[in-house]
Amino acid sequence: RHAIVREGGGIRVWYDDYTTIDWIHDYVKERVRVRKIHSVKGVRGYFMKAFDSFQGWFLVFLIGVITAYVAGAVDLAVEWGSGLKEGYCSTDVFKNKSFCCYNSSNTEADQSCNEWVTWSQVFYKDSWWFNYFTYVFVAFCFAVCAAILVKYNSLYATPSLKSSSRSRSGNFNGKKERKSYAAGSGIPEVKTILSGFVIRGFLGVRTLWVKSLTLAMVVTAGMTLGKEGPFVHIACCIGNILSRMFNKYNKNEGKRREILSASAAAGVSVAFAAPIGGVLFSLEEIIDPFGTGKIVMFQVSYDNDWHVFESVSFIILGVLGGVFGAILSKLIALYTKYVRNGTWLKDHPITEVGIVVIITATVNFLTKHTRVPAGIFIPSLLIGACTGRMLGLAVQWLTLTYPDFPIFTSVCDPYKVNDCVNPGVYAMVGAAACLAGVTRMTVSLTVIMFELTGALTYILPIMTAIMIAKWVADGIVKHGLYDLLISLNDHPFLDSKAEYITTAATVDLIQRDTEVIDINQRNTIFDLKTKLNKIVNRGHSDDGFPVVDGTLLVGYIAANELEHALKHVDELPESTECQFGKTEFEISIPNGHDHEHKITNFTAYTDLAPLTVSKNASLEVVLELFKKLGLRYVCVVNCGHYVGVIHKKQLLELNIVVGETW
């Protein structure tokens with residue numbers, strides 16, 4: 001008998017597409033890496049620790065800079081392309097109408113400048129119909145070209161969660177679906193990825209350039225689409241690509257999601273032009289992005305403070321914002337489910353875009369007030385602001401009509417009764433409440449509103465309206481818009497903050513037909529490959545194999561861990577026996593017939609202490625384990641004897657089945 005130390009081994013790096021990551025595994029792997037760095041003494045160890053700390057800060061800095069420049073490029077392209085629907089600048093073709101006709105003497109765009117040439121002047125067709133045709137035609141070209149780019153730059157990906165659940169009955173055919181990852185806002189998918197699921201290609205280079213280019217094109221076309229959600233997606237693409245620079249993040253999916261979270265924050269920052277972080281703040285100070293000399297998008301400079309009696313009005317705005325947000329979210333979800341995904345439009349997205357852009361361009365041509373980008377954020381803010389201002393005007397009318405009313409006389413200056421109530425404050429509060437009802441954001445939305453307006457005085461009314469709007473909206477429709485879209489798109493997402501209510505029991509979720517690896521039996525490379533192929537062909541690539549000693553559970557090896565281990569022994573014959581839970585050696589034993597009985601060890605790839613629960617444990621406890629610890633699986637035992645396994649996807653599949661009863 002002789003032993004050879006196995007070289008080239010290690011812990012797996014990559015996860016399969018549309019599988020959940022193992023947070024605990026990645027956390028342990030990171031702690032082992034950090035412990036090795038801190039074990040190095042002397043000057044070399046000092047520089048290693050300094051460089052390790054430097055990586056995260058440098059990466060976040062780089063993401064902020066590049067995201068800001070990409071967002072700036074998109075904004076410039078939109079401003080330039082939007083003018084092409086009406087004409088071009090004769091002095092500089094790359095200037096839009098505002099800059100072409102900019103009059104430095106009064107710092108306003110001169111509406112009667114000769115430098116701007118309309119298409120009717122170019123073709124000597126000075127008619128209303130010709131201007132209308134060229135406006136719609138240019139918008140149509142931009143929108144349809146963007147739709148073609150998105151559709152034909154799609155990627156083949158793992159089927160959705162519902163397809164995976166159908167595979168439980170054996171109907172999985174192994175084929176992948178073609179998905180356009182650059183379509184939509186991207187926020188539902190980003191939330192799913194941050195929760196611990198892998199969607200390969202969604203944050204890749206191809207998605208980045210297609211998303212950036214087509215975002216500029218569709219907004220230029222004047223379609224009712226917003227830039228806020230896509231900017232978050234673009235920023236996460238940048239963060240994912242740049243994280244490959246350092247193995248610390250490239251080879252650890254858990255650590256990578258820390259960078260993706262920071263990237264999402266950068267996307268929100270550039271979307272609202274909020275001065276978050278030194279990089280973005282300095283850029284905004286230098287380039288003066290709004291041409292106003294201010295670093296906020298909508299500066300508010302009210303001199304008077306708000307009064308206690310106005311709290312009732314702010315509460316009303318919160319209720320109205322919650323009702324509107326809940327209704328809008330539900331209507332969008334119903335349209336997506338029954339119209340976009342339930343009719344012929346599902347298979348003809350380019351036709352849908354063409355029809356929508358013709359209608360949108362016609363409306364925009366008839367009225368200039370409808371030509372700002374729309375989407376979710378801006379319309380919600382606008383509707384809430386209009387509602388709030390109407391209520392503010394009503395309260396102001398009351399103070400002017402009944403100035404001697406006790407509530408008003410106690411707080412309003414009799415010599416400045418006109419300034420007692422400012423409708424603009426109500427507009428700001430109403431805008432925040434309406435957006436909170438749609439997105440269910442709370443703290444982040446409060447900060448965004450402050451950064452948008454610079455009005456720190458009105459933070460308390462804004463916070464009050466936002467919280468009430470969220471409570472009301474949650475009472476009408478349980479989930480916000482993005483959570484509804486996650487469910488409609490079949491993305492596997494288990495909300496760590498949500499409360500789940502179900503009548504199911506733990507035993508109902510136990511997967512009892514999972515093949516096991518018994519250490520008392522001879523497990524050859526051929527046998528393990530056969531078992532691995534079975535679960536992969538069934539669509540269970542994120543499953544694994546419990547390792548048992550008879551009926552006692554002694555370990556667990558994930559399918560991708562086993563696949564990684566088998567790749568390291570490709571040079572060995574398939575008759576080689578694989579051991580689990582032994583020493584880390586490759587052993588050759590003569591069998592008496594002048595042939596060697598080879599044995600290789602897979603202990604390094606095996607979890608020898610898998611997390612277990614009793615089969616009698618309540619389902620609420622199991623849910624909390626998955627939500628709070630980010631588990632990928634949990635083994636079910638009965639007094640140490642193996643019973644079965646519960647996988648995270650099974651919880652999500654049950655969620656699909658029982659729907660709102662959760």
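This briefing goes through the overall make-up of the protein, its strand pairings, its helix packing and a few individual residues.

The model is predicted, and its secondary structure comes to 25 helices and 16 strands. Of the 662 residues in the protein, 47% are buried. Among contacts with a separation of 6 or more, 73% are accounted for by residues 24 or more positions apart.

**Strands E14, E15 and E16**

- Strand E15, which spans residues 633-638, has five of its six residues buried, and it is therefore largely enclosed by the rest of the structure.
- On one side of the pairing scheme, E15 is joined in the parallel sense to strand E14 (residues 612-614) over three bridges, and within this pairing Thr 612 stands opposite Cys 635 of E15.
- The connection between these two strands runs from E14 through helix H24 (residues 619-629) to E15, forming a β-α-β crossover that is right-handed.
- E15 is also joined to strand E16 (residues 641-647), in this case by six bridges and with the strands running antiparallel.
- Cys 635, which stands opposite Thr 612 in the parallel pairing, also stands opposite Val 645 in E16.
- The hairpin of E15 and E16 has two residues between the strands, and in this hairpin Cys 639 takes a positive phi near 60 degrees.

**Strands E9 and E10**

- Strand E10 (residues 552-558) has five of its seven residues buried, so the strand is largely enclosed by the rest of the structure.
- Strand E9 (residues 544-549) and E10 run antiparallel and are joined by six bridges, one of which is described by the partnership of Asp 549 with Leu 552 in E10.
- Two residues lie between the strands in the hairpin of E9 and E10, where Gly 550 takes a positive phi near 75 degrees.

**Packing of helices H2 and H8**

- Helix H2 (residues 42-83) and helix H8 (residues 205-220) have axes that come within 8 Å and cross at roughly 35 degrees, and the crossing in which H2 passes H8 is right-handed.
- From H2, the residues that meet H8 are Val 70, Val 74, Ala 77, Val 78, Gly 81 and Ser 82, while H8 contributes Ser 212, Leu 215, Ala 216, Val 219 and Thr 220.
- Sorted by class, this contact of H2 with H8 has seven nonpolar residues and four polar residues, and no charged residues.
- Gln 55 also lies in helix H2, and Gln 55 is buried, with a relative accessible area of 8%.
- When neighbours within four places in sequence are left aside, Gln 55 is in contact with Phe 246, Lys 248 and Tyr 249.

**Packing of helices H5 and H14**

- Helix H5 (residues 128-151) packs with helix H14 (residues 349-366) at an angle of about 150 degrees, with the two axes 9 Å apart, and the crossing of H5 and H14 is right-handed.
- The residues making this contact include Trp 128, Tyr 132, Tyr 135, Phe 140 and Lys 151 of H5, and on the side of H14 they include Pro 349, Val 353, Gly 354, Asn 364 and Phe 365.
- By class, the contact of H5 with H14 has 18 nonpolar, four polar and one charged residues.

**Helix H7 and the residue after it**

- Helix H7 (residues 187-194) is mostly covered, with six of its eight residues buried, and these buried residues of H7 are Ile 187, Pro 188, Glu 189, Val 190, Thr 192 and Ile 193.
- Just after H7, Gly 196 takes a positive phi of about 120 degrees.

**Thr 387 in helix H15**

- Thr 387 has its place in helix H15 (residues 377-401), and this residue is partly exposed, with a relative accessible area of 27%.
- Because a residue counts as partly exposed when its relative accessible area lies between 20% and 50%, the value of 27% for Thr 387 falls in that class.
- Not counting residues up to four places away in sequence, Thr 387 touches Leu 317 and Leu 320.
- Thr 387 and Gly 321 are 66 residues apart in sequence, and in space they are 9.0 Å apart, C-alpha to C-alpha.

Technical notes
Residues are numbered from 1 along each chain as its sequence is written. This is a predicted model: local features need pLDDT of at least 70, side-chain atom pairs count only at pLDDT 80 or more; totals for chains, interfaces and linings use all residues. Side-chain values use heavy atoms; hydrogens and water are left out. Buried means under 20% relative accessible area, exposed over 50%, partly exposed in between (1.4 Å probe, protein chains only). Helices (H or I, at least four residues) and strands (E, at least two) are DSSP runs, numbered from the N terminus. Two strands pair if DSSP finds at least two bridges between them. A crossover is right-handed if, with the strands pointing away from the viewer, the path from the first strand over the helix to the second runs clockwise. Axes are lines fitted to C-alpha atoms, for helices over the stretch in contact, and angles run from 0 to 180 degrees between N-to-C directions. A crossing is left-handed if the near helix is turned anticlockwise from the far one by less than a right angle, and right-handed if clockwise. Contact means heavy atoms within 4.5 Å. Ala, Val, Leu, Ile, Met, Phe, Trp, Tyr, Cys and Pro count as nonpolar, Asp, Glu, Lys and Arg as charged, and the others, Gly among them, as polar.
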